[in-house]
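Here are a few exercises to work through with the model open in your viewer. Try each task before you read its solution.

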Amino acid sequence: VALDLFRRYGVDAAFVGHFHQNLVSRTEWGMDHVITGPLSMVFESSGKPKQDEGNGRGVRVVEVRVDTNGTNGKGASGFSHRFELL
């Protein structure tokens, strides 16, 4: 149900947790799905796709950019994220 709503309303990304490891993927319509590992126990998995970032205890830093100087107040916007090990 949630993914249907995300698609309908053009959600760019979903950031979630509680998976005990990091995983970044993209839906078929282009929404980023970013799962952040825990601050406590990390479980390794041999079955997930190769990821650019490792697993460990840490936090995810998300930067959101909004530029309202564009045409009709709808300029360039977007986001970036990175995982910081503690």
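Helices (H or I, at least four residues) and strands (E, at least two) are DSSP runs, numbered from the N terminus. The model is predicted, so local features need pLDDT of at least 70, side-chain atom pairs count only at pLDDT 80 or more, and totals for chains, interfaces and linings use all residues. Residues are numbered from 1 along each chain as its sequence is written, and side-chain values use heavy atoms, with hydrogens and water left out.

**Exercise 1. Place Gly10 and give its exposure.**

Step 1: Look between helix 1 (2–8) and strand 1 (13–17); Gly10 is in that loop.

Step 2: Get the exposure classes straight: buried means under 20% relative accessible area, exposed over 50%, and partly exposed in between (1.4 Å probe, protein chains only).

Step 3: Gly10 has a relative accessible area of 49%, so it's partly exposed.

Step 4: Now jump along the chain to Met31, which is 21 residues from Gly10 in sequence, with a C-alpha to C-alpha distance of 8.2 Å.

**Exercise 2. Work out the surroundings of Arg60.**

Step 1: Find strand 4 (residues 58–66), where Arg60 sits.

Step 2: Is Arg60 buried or exposed? Its relative accessible area is 14%, so Arg60 is buried.

Step 3: List who touches it, where contact means heavy atoms within 4.5 Å. Leaving out residues up to four places away in sequence, Arg60 touches a set that includes Phe15, Asn22, Val34, Glu53 and Phe83.

Step 4: Check for polar contacts, meaning a pair of N or O atoms within 3.5 Å; within protein, one must be able to donate a hydrogen and the other to accept it, and residues adjacent in sequence count only if both atoms are side-chain atoms. The Arg60 side chain makes one with the side chain of Thr36 at 2.6 Å, and another with the His81 side chain at 3.0 Å.

**Exercise 3. Describe the whole chain.**

Step 1: Count the elements: you should get one helix and five strands. Read from the N terminus, the order is α-β-β-β-β-β.

Step 2: Compare radii of gyration (taken over C-alpha atoms; the globule rule is 2.2 Å times the number of residues to the power 0.38). The protein has 15 Å, whereas a compact globule of 86 residues would have a value near 12 Å.

Step 3: Take the extents of the C-alpha trace along the principal axes, about 45 × 30 × 20 Å.

Step 4: Finish with burial: 20% of the 86 residues are buried.
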